[in-house]
Amino acid sequence: MEYLSLFVKSIFVDNMIFAYFLGMCSYLAVSKNVKTANGLGMAVIFVLVCTLPLNYLLNKYILTPGENCIFGPNVDLSFLSFILFIAVIAAFTQLVEMIVEKFLPALYSSLGIFLPLIAVNCAILGGSLFMQQKDFANVGESAVYALGSGLGWYLAIVALAAIREKLSYSNVPAPLKGIGITFITVGLMGIAFMAFMGISL
Amino acid sequence: MANLKETFLTPIFKGNPITVLVLGICSSLAVTVELKGAFVMALSVIAVTGLSSLVVSILRNTIPNRVRIIVQLVVVAMMVILVDQFLKAFAYGIDKQLSVYIGLIITNCIVMGRIEAFALGNKPLASLVDGLANGLGYGMILIIVAFFRELFGSGTLFGFPVLKAIGYTNNGLMILPPMALILLGCVIWVQRSIQKDLQEK
């Protein structure tokens, strides 16, 4: 049950986009149509689920001082966490890109251009940094959290892309066209998502 | 020298990284609940963009093109760690309040964007100026949004009660995340009404 409530909570209550604004740059840039939004969303879920548990293990066994640390209880390396996390993410996206290109060319042609973008997507690094704050008990919890936040991000980008497709037929004031009205749309979607805020799981 | 002046002035209004280039929204919106946090965040970003543009520009002829992303990430991560450690030492309360968003400066698109677009092809001094100016342009928007959110959300400015004297009731919606997006949409609206050439078709 704990896994289930963590899962639901990370999708709706702690939604990466509407509660923390993570991954906004690519969220706004790649949400012009549903198809590409779908591809990027999938890629984000995939990379999050793979890197977050990896960073969890690094954090638990190398960075945090204590009985689990392989360098002994007195070595505090936590100041290195930013550089280690981003290195894992960058290396992983590079690796995934090469593997997918070699073995799954069909998937590569649909995801390909988004994979390198993901290394600098705040949602991925943000997930790892939140993981560090949340103190998960084991790898399973961190993986469930990764899947949940990835799905939340996916849901948000596909929803926005669908709205923007419809929005292109409406008569928006000239200075608001494009990015301005998108911001306001995301704000209104955020207000709708706040309905989940009061739920405590 | 006229060139440097232009490099400095463009990012602050005409080519503002947030409202025109739509970069770096990820970590910016969540820190605008009050002016103090926004101010510290703006200073941190100015320091990181300026210094990492400078360092990358000095190294630009020695970085192999294929691995440049990871080299840039390491340089940026190093600068962010310095800023984070500095804040932990001298402003611990604010560092706790900004939580993961300081770490997320690493994936702030402004930093990477300016390095890719400017520092890799220009001399160190010009890159430093460009980095600082982009940080300033970012900080300015941050301060504008934070000003309205704190004034109408809590009735204070930098923590001093301002609106309480005239019997103002705090508007709780301004504190909540979606309002930051809507306010930013309005800032873009105002800017594009003044500068007609920025309007999208």
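**Entry 1: a pair in chain B**

Which helix of chain B do D84(B) and K88(B) both lie in, and how many residues apart are they? I looked this up in a predicted model, so everything below is about that model. Both residues sit in helix 3 of chain B, which covers residues 68-90. They are four residues apart, and that is about one turn of the helix. I checked their side chains too: they meet in a salt bridge, 3.0 Å from N to O.

Next I asked whether each partner is buried or partly exposed. D84(B) has 7% relative accessibility, and the cut-off for buried is under 20%, so D84(B) counts as buried. K88(B) comes out at 34%, which makes K88(B) partly exposed.

**Entry 2: another pair in chain B**

I moved on to R114(B), which forms a salt bridge with D130(B). Their closest N and O atoms are 3.0 Å apart. R114(B) belongs to helix 6 (residues 109-117) and D130(B) to helix 7 (residues 124-154) of chain B, so this bridge ties together parts 16 residues apart in sequence. I looked up the burial of both. R114(B) is buried at 16% relative accessibility, and D130(B) is buried with a relative accessible area of 2%.

**Entry 3: over to chain A**

How many salt bridges does the structure hold over all chains? I found four. One of them joins D14(A) to K134(A), with the closest N and O atoms 3.4 Å apart. This one links distant parts of the chain: the two residues are 120 residues apart. D14(A) is in the loop between helix 1 (2-13) and helix 2 of chain A, while K134(A) is in helix 7 of chain A.

D14(A) is buried, at 13% relative accessible area. K134(A) is partly exposed, at 31%. I also noted that K9(A) joins in: K9(A), D14(A) and K134(A) are linked in a network of salt bridges.

**Entry 4: where the chains meet**

How many salt bridges are there between chain A and chain B? The count is zero. For polar contacts between the two chains, I got one residue pair, with both residues at pLDDT 80 or more.

Then I looked at which helices of chain A are involved. Helix 2 (24-29), helix 4 (81-103), helix 7 (122-134) and helix 9 (179-193) each supply at least two residues of the side that touches chain B. Helix 9 gives the most, with nine residues. I sorted that side of chain A by class as well: 29 residues are nonpolar, eight are polar and one is charged.

The contact takes 38 residues from chain A and 40 residues from chain B. The buried area between the chains is about 3500 Å², and carbon and sulfur atoms give 83% of that. In chain A, F21(A), F82(A) and F183(A) lose the most area to chain B, together 20% of what that side buries.

**Entry 5: the nonpolar core**

Which residues touch the most other members of the largest nonpolar core? That core has 104 residues, and the answer is M24(A), Y27(A), L28(A), W153(A), F183(A) and M41(B). I noticed F183(A) turning up again here.

I picked L28(A) for a closer look, leaving aside its neighbours within four places in sequence. In chain A, L28(A) is in contact with R164(A), I179(A), T182(A), F183(A) and V186(A). L28(A) is also in contact with V22(B) and I25(B) in chain B.

Key: Residues numbered from 1 in each chain as written. Chains lettered and ligands numbered in written order. Predicted model: local features only at pLDDT ≥ 70, side-chain atom pairs only at ≥ 80, totals over all residues. Heavy atoms only, no water. Contact = heavy atoms within 4.5 Å. Buried area = accessible area lost by both parts, 1.4 Å probe. Polar contact = N/O pair within 3.5 Å; in protein donor to acceptor, adjacent residues only side chain to side chain. Nonpolar A, V, L, I, M, F, W, Y, C, P; charged D, E, K, R; others polar. Core = buried A, V, L, I, M, F, W, Y, C linked by side-chain atoms within 4.5 Å. Buried < 20%, exposed > 50% of the residue type's maximum accessible area, 1.4 Å probe, protein only.
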